[in-house]
Amino acid sequence: MDFSIKPLDAKSTIAGIKTGCIAVAVFEDKKLSYAAQALDRKGEISAALKSGDITGKAGSTLLLRGINGSAAERVLLVGLGKEAAVSEKDFSSAAQAVVRAFSSLGAAEAVVALPFDAVAARDTAWAIRSTILNAREAAYRFDGLKSKKETAPSGVKKVAFAVSAAATNSAKEAVTQAVAVANGIDLTKDLGNFPANVCTPTYLANTAKKMAKEFKLQVEVLDRKQLQALKMGSFLSVTNGSVEPPKFIVLKHFGGKAKDAPTVLVGKGITFDSGGISLKPGAAMDEMKYDMGGAASVLGTMRAIAELKLKLNVIVVIPTCENMPSGSATKPGDIVTSMSGQTIEVLNTDAEGRLVLCDALTYVERFKPAAVVDVATLTGACITALGHHNSGLFTRNDDAHDALANELLSAGKVAGDTAWRMPIEDSYQEQLKSNFADMANIGGPAGGAVTAACFLERYTKKYTWAHLDIAGTAWKSGAAKGSTGRPVPLLTTFLIKRAQAAK
């Protein structure tokens, strides 16, 4: 689906738009939006609303044909809830309803003329981004591995957003940003949905190389010998049971000034997590192909900002491998030495994400980063705490870290990809004590998401850092099983805001 902007002025009015369909809003209190009023010259829209053919409830729709006074072939009435209290959820429901209706229309082109400023504290750009992301979500298919592809729905292929002339520039920018984010989400979904025999560490590395070539990024992929030379004993301990070679991916986008410190994203890339010797239960183990959701999301984010040519220095780092059981696998009770020199007693080999991330977090010190955000499907405990609505956000409690946390939380709210801040306190660190090493890799069942974050925090003392646990938000189970593409919207919005602030 292609998206564009249709500026409205004295010469170009709602009634004069020639298109296959135009979507306008009506409200629950029997009121019409400005665009609906402009098409209601003969009272046909008012009559439909008063008769109860459409209630105005958010997401309700009614298709009308041959409206007098409209150059459009069809008019789609879309409910937006109560005029004085349109919420983000109401607007999203309306946008989704428009997308559904457009997918089955016998028209190739359509115009959306909803009141894009109807949501309090949200502007036209936000509403357009929301509509495009909903449209791309509905259009996404993952059928490349099927012998027979799914039949793509017919319907509208080109969508224009009708906005005032004054809002044209910001609306065009919103379209550009939304399409880039949607492309990043699609990449993240594809990587997550591929099975582990396709999306291996080598596949992720090759994806990064292709992206570097397409968008003129810098890329480096370290192999086992280089990781051994760097003394990444913690990361390498996770790979011991697998025949798949580990990879350490570094992807760089230098869009800012040469002297500006980069923002670094670190993504956990366990392409399959069996649990190792601490073997997971067999039920739903297939979903452990999604344990590289952090890696997939930072690659998707990098694709989005590279497409936007974002004026910010950003580095993505991905430690990626499999966690498998075998005669050579790391055993519970083994002690390994991390790149930082700190030793770790591996009490549970299924707590492997923190073992690969800690060495990556030590490695990024060399970049002297402005901030580091690691992203990982790290703990089932985070799902227990927050469910599938919010990603867990962890960071230290001081002014610099509070500011970073607020940036991420705010970006999540704007993007509709929300996070919730969780605690990191010294009292939780006590749970990681070991009799035989500097620390254990687990802290017991109590506060499991917190102690996992506390483990990572020990490796981030030299820079400002935050951790996003996306175990509950990176994929869906059941009939709707698949990657969600989160938190690409949050991360991309966070970086766009940083680039704007840098100006």
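**Close-up views of the sheet and helix contacts**

**View A. Phe161 in β6 is the bridge partner of Val112.** The structure shown is a predicted model, in which local features need pLDDT of at least 70 and side-chain atom pairs count only at pLDDT 80 or more, whereas totals for chains, interfaces and linings use all residues. Residues are numbered from 1 along each chain as its sequence is written, and side-chain values use heavy atoms, with hydrogens and water left out. Strands β5 and β6 run parallel and are joined by 4 bridges. Helices (H or I, at least four residues) and strands (E, at least two) are DSSP runs, numbered from the N terminus. Val112 is also the bridge partner of Ala23, and 2 bridges connect β2 with β5 (residues 109-112), again in parallel.

**View B. An open sheet is formed by 6 strands in the order β1-β6-β5-β2-β4-β3, with mixed pairing.** Its edge strands, each paired on one side only, are β1 (2-8) and β3 (61-65). From one strand to the next, the twist averages 30°. Two strands are taken to pair if DSSP finds at least two bridges between them. Strands of a sheet pair through backbone hydrogen bonds, either parallel or antiparallel.

**View C. Strands β2 (residues 22-26) and β4 (residues 74-79) run parallel, joined by 5 bridges.** Within this pair, Val75 in β4 stands opposite Ile22. Helix α2 (residues 44-51) packs on the sheet and touches β2, β3 and β4 (contact means heavy atoms within 4.5 Å). The direction of α2 makes about 40° with that of β4. Helix α4 (residues 124-139) also packs on the sheet, where it touches β1 and β6 (158-164), and its direction makes about 170° with that of β6. Axes are lines fitted to C-alpha atoms, for helices over the stretch in contact, and angles run from 0 to 180 degrees between N-to-C directions.

**View D. Helices α10 (residues 353-363) and α14 (residues 448-457) pack with their axes 9 Å apart, at an angle of about 30°.** This angle makes α10 roughly parallel to α14 (roughly parallel: under 35 degrees). The crossing of α10 and α14 is right-handed (the near helix is turned clockwise from the far one by less than a right angle). From α10, Arg354, Leu355, Leu357, Cys358 and Leu361 meet Ala452, Phe455 and Leu456 of α14. By class, this contact has 7 nonpolar residues, no polar and 1 charged; Ala, Val, Leu, Ile, Met, Phe, Trp, Tyr, Cys and Pro count as nonpolar, Asp, Glu, Lys and Arg as charged, and the others, Gly among them, as polar. Because 11 of the 11 residues of α10 are buried, α10 is largely enclosed by the rest of the structure. Buried means under 20% relative accessible area, with a 1.4 Å probe and protein chains only. Helix α14 is mostly covered, with 10 of its 10 residues buried.

**View E. Lys189 of helix α5 (residues 168-193) is shown with its surroundings.** Lys189 is buried, having a relative accessible area of 2%. Not counting residues up to four places away in sequence, Lys189 touches Glu137, Tyr140, Ser483, Thr484 and Gly485.

**View F. Helices α12 (residues 399-415) and α15 (residues 488-502) pack at an angle of about 120°, with their axes 8 Å apart.** The crossing of α12 and α15 is right-handed. Among the residues that meet here are Leu404, Glu407 and Leu408 in α12, and Pro489, Phe494 and Arg498 in α15. The contact of α12 with α15 comprises 8 nonpolar, 2 polar and 2 charged residues.

Notes. Parallel < 35°, antiparallel > 145°, perpendicular 65-115°, else oblique. Buried < 20%, exposed > 50% of the residue type's maximum accessible area, 1.4 Å probe, protein only.
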